[in-house]
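This report goes through selected local features of one protein model, for a reader who has not met it before. The structure is shown first, and the description follows.

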Amino acid sequence: MKKILIMVTVAATFVFASCVKNLDKYGFSDTTVLKGRVIEESEQTPVSGVNISVTNGSYTHSSTTTNSNGNFEINVDYTKIAKDYYLLLNGGSMGKTRQAELKGMGQEMYDYQTIILYNKTNTEGIKAKTKEVTSITATTAVCTAEVIIGVDVRLVAKGVCWSVNENPTITDAHTDDGNNSGSYSSNITELTEKTTYYVRAYGKTNDTVCYGEQLSFTTPAMFASIQYNGKVYHIYYDVEAMNWSSAMAFCENLTAGGHDDWFLPNKDELNALYINRQAIGNFSEDKYWSSSEINSNNSYCQDFTNGTQSNEKKSTNNKVRPVRTGNNEFTAPTVITTSISNITRYYAECYGNVTQNGGSAVTEKGICYSTMENPTIISLHVSGGDGIGTFSCSLTDLEQSTMYYVRAYATNSIGTAYGEQKSFVTLGPPIVTTDEITSISATSASCSGNVIMDCGESVTQRGICYSLSPNPTTSDHYVISSSGTGPFTCNITGLTNNTTYYVRAYAKNYYGTSYGEEVTFTTELFPTFIYGGHIYQVAPEPGTKMTWNDAKTHCDNLTLYGISGWRLPTKDELLQMCVDKYLIGGFDTSLYYSQYWSSTQCSSASHYFMQLHDCSRYEGSNDQRYRVRPIRRVD
């Protein structure tokens, strides 16, 4: 069976808006003409009569049949379909596809029926959707979501992430619901009552994390409450049917929400629950026990179908709703973040103090911490026990050279309170940033950096490293700029014209060397100098010495990078070039006497030339051979 070879090119129609091209990362614009050729690999001959189409599975663009030369063209309008597109050969099934083919557009590819073209609204081939948050309780909720992936995109994790701060990420609390695409439900747990949370779906590949739309929800109080007879009553959840004695014992032994003073309501309190049953919620259409006894064998109960109260044998099984009264105005605890000590590269000791419990027992206290401000117990946290008083917590497995924010916390039945925020930086290599690059010429540039923190040890060296390859280090070229923290600037010289360089600031201390962000710049085409208020470009030497006539002809006919208009410098221009020879660069200084021609005439058979080492000028016969540096004025 002969293999079919598809040669594909893309002709993009550029759409301009405010001088910005509306293109995606692969060069496709809103409207694209997909061009290609179908040939047999063995004979390299065109194949006609092959159907080619572009589809996303549910919508197919107009198909084109290849002509006798095997050529085809298909118009693709990306604005119509917000999904990925696939190029189909012979109308066959979408067969094996590789991500590498994305980068191979315009190259020869064969033995594959499908080539994926990512839409500019879905360039990573993955999309997450946050759909709905339901089943919200004081401590839990359920979020439904969906993750959609393109062909040959490998999903490594999906789920939802949530936080009390907007735009949560997977560094916050999150679920892991497997690595299959499609719809799913995530159980959100360990929430705090009466708190607003933000939630987003996420999908993760080896290369990126995609987040869905942000939704928010607020948890209710852990227990519903009503006001009755001058008191606040908190109502426990619906309890299964049992006899009266068991109901009394259940309520008396119940501990929930940090309280152990629950009881079975009397008949009047039970009637108040019936009147407010819609606000309280979760009652069933059954009879409920009260604690009001009629005699040793009977007690009052209330039918929540119609509200009637009647006596009932204590041996009968009826439903139960324990209650407790909020006679005291309880508050959240009062807690202080006191100090941080014993900071190392991966460890710190943090201290706090719970000064008041707010009238309700403190069930947990500790330290929460994060690389983001205002951490909560949803973030990383370490428990320091319960009750009031001082405590300490050990923070382990930290990242070196990292700023952490910490707050002490304390929890009682009312909620969780936090102390003031403190911060610290773990020990390690310095924290340095790469700033702007200025004064770019053909052979030099000025690069800036800033050592923000020394991370516990003095900065012994800082500077700029650069290379022709990404991620330069001090093993490549580098320029030193003293030591210490703060901003600094380095001048890079000896560069090659019209060349792209990669640059990073660096800083060293006892713990090692760290680098700032990578930036790039491209040197100018030609070095320049200023003479008489005008700017001149200087071309490189031709590589051989020339007579004066040959030198003039070389300059007059010279074209570099499509630029012409070159000439020999005058003797005064050449003098300025000699003064700026190290700034211009590219002069031959290997010989003590390096002579260069000028265009200034001495006689019909001679012109001035210059000795480069001391900038002295002499008369030279036109048939002598000297060096040449063409120039052109650019202003």
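A polar contact is a pair of N or O atoms within 3.5 Å; within protein, one of the two must be able to donate a hydrogen and the other to accept it. The model described here is predicted.

**S467 and strand 37**

S467 belongs to strand 37, which covers residues 461-467. The side chain of S467 reaches the backbone nitrogen of S469 at 3.0 Å. Is S467 buried or exposed? S467 has a relative accessible area of 12% and is therefore buried, since buried means under 20%. Apart from neighbours within four places in sequence, S467 is in contact with P472, D476, Y501 and Y502.

**Helix 3 and Y274**

Helix 3 spans residues 267-275, and its buried residues are E269, L270, A272, L273 and Y274. These buried residues pack against several strands, namely strand 19 (224-228), strand 20 (231-235), strand 22 (287-293), strand 23 (298-303) and strand 26 (323-325), and also against helix 4 (277-280). At the start of helix 3, a side-chain oxygen of N266 comes to within 3.1 Å of the backbone nitrogen of D268.

Y274 lies in helix 3. Y274 counts as buried because its relative accessibility is 12%. With neighbours within four places in sequence left aside, the contacts of Y274 are Q302, D303, F304, T305, N306 and G307. One of these residues, N306, is 32 residues from Y274 along the chain, and the C-alpha atoms of the two are 9.3 Å apart. A polar atom of the Y274 side chain lies 3.5 Å from the backbone oxygen of N306.

The polar atom pairs described so far are listed below.

| Side-chain partner | Backbone partner | Distance |
|---|---|---|
| S467 side chain | S469 nitrogen | 3.0 Å |
| N266 oxygen | D268 nitrogen | within 3.1 Å |
| Y274 polar atom | N306 oxygen | 3.5 Å |

**The largest nonpolar core**

In soluble globular proteins, nonpolar side chains tend to be buried together. In this model, the largest nonpolar core has 20 residues, and V160, W162, I188, L191, V199 and F217 have the most contacts inside it. At least two residues of this core come from each of strand 11 (126-134), strand 12 (141-149), strand 13 (157-163), strand 15 (182-188) and strand 16 (196-204). Which strand gives the most to this core? Strand 12 does, with four residues.

I188 can be followed in detail. Outside the neighbours within four places in sequence, I188 is in contact with T139, T140, A141, C143, V160, W162, V199 and F217.

**The cavity**

The count gives one cavity of 30 Å³ or more. The volume of the largest cavity is about 30 Å³. Which residues line the largest cavity? They are L574, C578, F587, Y596, M610 and L612. This lining consists of six nonpolar residues, with no polar and no charged ones.

**Two loop residues with positive phi**

N374 is not a glycine, yet its phi has a positive value, near 55°. N374 sits in the loop between strand 29 (364-370) and strand 30 (380-383). Its relative accessible area is 38%, so N374 is partly exposed.

C615 is another residue other than glycine with a positive phi, near 60°. C615 is found in the loop that lies between strand 46 (606-611) and strand 47 (616-621).

Terms used. Residues numbered from 1 in each chain as written. Predicted model: local features only at pLDDT ≥ 70, side-chain atom pairs only at ≥ 80, totals over all residues. Heavy atoms only, no water. 1 Å grid on protein atoms, 1.4 Å probe; cavity = no way out; pocket = protein on both sides within 12 Å on 5 of 7 lines; lining within 4 Å. Points joined across faces, edges and corners; volume = space filled by probe spheres on them. Nonpolar A, V, L, I, M, F, W, Y, C, P; charged D, E, K, R; others polar. Buried < 20%, exposed > 50% of the residue type's maximum accessible area, 1.4 Å probe, protein only. Contact = heavy atoms within 4.5 Å. Core = buried A, V, L, I, M, F, W, Y, C linked by side-chain atoms within 4.5 Å.
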